[in-house]
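Open the model in your viewer and keep the selection tool at hand. The stops below go from one selection to the next.

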Amino acid sequence: MFRAVDDPYLVPFDESFDIAAAATDPPKGAPGRKDLAKELEHAVQDLQDLQRRLFANDEISVLTVFQGMDTAGKDGTIRAVFTGVNPAGVHVVPFGPPSREDLDHDFLWRCVRHLPERGRIGVFNRSWYEEVLIARVHPKIVEAQRLPWRPEGDALWDERLASIRDLEQHLARNGTVILKFFLNLSRKEQRKRLEARLDDPSKRWKFDPTDLRERTLWDDYAGAYQAALRATSRPWAPWYAIPADDKRYMRATVARLLVHTMNELSLPWPEALPEQELKSLREVLEQEER
């Protein structure tokens, strides 16, 4: 079973993660814009080759999960990191509010049915974690789920987090490499991005008045994220808390971690046919030219 690659942004496995202490800005001495652009470009090129190897190998799947506050940059990061990668080998799934069909199943079902096949990369823009994040901040959401029984207090969230841990460990045991990215945005930077949406006609369509209501619940969301990351960052399904106030740094960092992880898989190309058989096939092709 694959284990997480070490990194400064790796959320520890001992449930000691402190969201208040996690960086939202790049570290001092971080590369500048041009260097970050080059770093991202090189990582995307590497990812193209690694994705081909993954597809040809056809034994392992990769699941990437993106979570973060509104305006954290999930869409833009996914677009930047996976641009140029063969779309036949990548499946991006954005998860919004659950449908009526989703609500007729357990809370994991709607995501499980979109898991990547062997040889492919799955990209979840939001995920089953919404059921321990937004649902925890807005408990009325759970009422629509028609649960036949519900434990009191925080026991429901503890049970759901346990279910997520069990599922991710099961997936890891069966060949899915899991990387989870928490795009860690500061409250100050979110305000700037919301204002930018109001000021830019090309971005106003993204603005939802409910974003301001959700912003007043910042501390509640922070607490929910901290609980979720503490409970579910494990060697086989790690979380990385990526500073998100600088989009270029965030995107380059996500790409670097993805490439590093896939390199660690040491994916071999499938074995070629025996040389004698290859020689015979070449002779058949050569005869067509005569």
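Start with helix 2, where seven of the nine residues are buried, so the helix is largely enclosed by the rest of the structure. Bear in mind throughout that this is a predicted model. The buried residues to select in helix 2 are Lys 74, Gly 76, Thr 77, Ile 78, Ala 80, Val 81 and Phe 82. Now show what covers them: the cover includes helix 1, strand 1, strand 2 (90–94), strand 3, strand 4 and helix 11. Just past the end of helix 2, pick Gly 84, which has a positive phi of about 95 degrees.

Next, select helix 11, residues 247–264. Its 18 residues span 26 Å from the first C-alpha to the last, close to the 26 Å expected at 1.5 Å a residue. At the start of the helix, display Asp 246: one of its side-chain oxygens comes to within 3.0 Å of the backbone nitrogen of Arg 248. Just after the helix, Ser 266 has a positive phi of about 50 degrees.

Which residues of helix 11 are buried? Colour Tyr 249, Met 250, Ala 252, Thr 253, Val 254, Ala 255, Leu 257, Leu 258, Val 259, Thr 261 and Met 262. Among the elements covering these residues are helix 1 (33–57), strand 1 (61–68), helix 2 (74–82), strand 3 (121–125), strand 4 (176–184) and strand 5 (239–243).

Move on to the largest pocket, with a volume of about 1400 Å³. To centre the view, select Asp 70, Thr 71, Lys 74, Arg 126 and Asp 211, which lie nearest the pocket centre among its 47 lining residues. Lys 74 was already picked as a buried residue of helix 2. At least two lining residues come from each of helix 2, helix 5 (134–137), helix 8 (187–199), helix 9 (210–215), helix 10 (218–232) and helix 11. Coloured by residue class, the lining shows 20 charged, 17 nonpolar and 10 polar residues.

The second largest pocket has a volume of about 350 Å³. Its lining has 19 residues, and Asp 106, Phe 107, Gln 145, Leu 147 and Arg 160 are those nearest the centre. Helix 3 (100–103), helix 4 (109–112) and helix 7 (155–173) are the elements that give two or more residues to this lining. Helix 7 gives the most, with four. By class, the lining of the second largest pocket has 10 nonpolar, six charged and three polar residues.

Stay on helix 7 and select Ala 172. Is this residue buried or exposed? Ala 172 counts as buried because its relative accessibility is 7%, under the 20% cut-off. Measure from its C-alpha to that of Phe 2: the separation is 7.1 Å, although the two residues are 170 apart along the chain. Beyond residues up to four places away in sequence, Ala 172 touches Met 1 and Trp 236.

The last stop is Thr 232, in helix 10. With a relative accessible area of 1%, Thr 232 is buried. Show its side chain and the backbone oxygen of Ala 228, which the side chain reaches at 2.6 Å. Then display its contacts outside four places in sequence: Tyr 129, Leu 161, Ile 164, Arg 165, Glu 168, Lys 180, Ala 237 and Trp 239.

How values were computed: Residues are numbered from 1 along each chain as its sequence is written. This is a predicted model: local features need pLDDT of at least 70, side-chain atom pairs count only at pLDDT 80 or more; totals for chains, interfaces and linings use all residues. Side-chain values use heavy atoms; hydrogens and water are left out. The expected span of a helix is 1.5 Å times one less than its number of residues. Buried means under 20% relative accessible area, exposed over 50%, partly exposed in between (1.4 Å probe, protein chains only). Contact means heavy atoms within 4.5 Å. A polar contact is a pair of N or O atoms within 3.5 Å; within protein, one must be able to donate a hydrogen and the other to accept it, and residues adjacent in sequence count only if both atoms are side-chain atoms. On a 1 Å grid over the protein atoms alone, a cavity is a set of points where a 1.4 Å probe fits but cannot get out, and a pocket is an open set with protein on both sides within 12 Å along at least five of seven lines; lining residues have an atom within 4 Å of a point. Grid points are joined across faces, edges and corners, and a volume is the space filled by probe spheres set on the points. Ala, Val, Leu, Ile, Met, Phe, Trp, Tyr, Cys and Pro count as nonpolar, Asp, Glu, Lys and Arg as charged, and the others, Gly among them, as polar.
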